[in-house]
Every structure is written in C-alpha cells, then in structure tokens.
Amino acid sequence: MTAIALHLPRRAATGADRFNTHLLNVTFEALDGERRSAIGGGESILEAIAAARDELPNGTWTLVRWNPLFGE
C-alpha cells in the first residue's frame, strides 16, 4: 500500500460547514505509527479529506486511505 503525505492546513470552524457532494471515512497515520479515522464532508474529495483532518489532534498526519460514505 502506498501512503500519500498531505500537508493540509487546519480550517477554522464556521458552524456553517456541511457537505453537499462527498462524505468520506478517512484514515490517517501519525509519525509514531498511530492510526486514526475521521469522517469528513465537502464539495470535493480534497475538501472532505481536509474536513476529516480537522477532527484530528494537532500533529503531522499522513493520509492512508479514504472510503466514500456518500458521493457522486
């Protein structure tokens, strides 16, 4: 399996965040090997991944995989 390193900035929560097109279950891995999954939604896959990343603790997280829960 190939991992992709994404360095996505954390977004400020607006309270108006919602998904319209993509809802993903995203798995990330920390430098120490810890893995965490989070749900994210957005107008694009990258936006949904960024929303999922926002749910993780601060640190460097590498995208491992994503699975669509809803989307076109």
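Relative accessible area, computed with a 1.4 Å probe on protein chains only, classifies a residue as buried under 20%, exposed over 50% and partly exposed in between. The structure is a predicted model, in which local features need pLDDT of at least 70 and side-chain atom pairs count only at pLDDT 80 or more, whereas totals for chains, interfaces and linings use all residues. Residues are numbered from 1 along each chain as its sequence is written, and side-chain values use heavy atoms, with hydrogens and water left out.

Two salt bridges are present, a salt bridge being a side-chain nitrogen of Lys or Arg within 4 Å of a carboxyl oxygen of Asp or Glu. One of them joins Glu 34 to Arg 36, with an N to O distance of 2.7 Å. Glu 34 is partly exposed at 33%, and Arg 36 is likewise partly exposed at 35%. Arg 35 pairs with Glu 29 at 3.1 Å, N to O. Here Arg 35 has a relative accessibility of 43% and counts as partly exposed, while Glu 29 is partly exposed at 25%.

The largest nonpolar core (buried Ala, Val, Leu, Ile, Met, Phe, Trp, Tyr and Cys residues joined through side-chain atoms within 4.5 Å) comprises eleven residues, among them Phe 28, Ile 49, Leu 56 and Trp 61. Two or more core residues are given by each of β1 (22–30), α1 (45–53) and β3 (61–70); helices (H or I, at least four residues) and strands (E, at least two) are DSSP runs numbered from the N terminus. Strand β1 supplies the largest share of this core, four residues.
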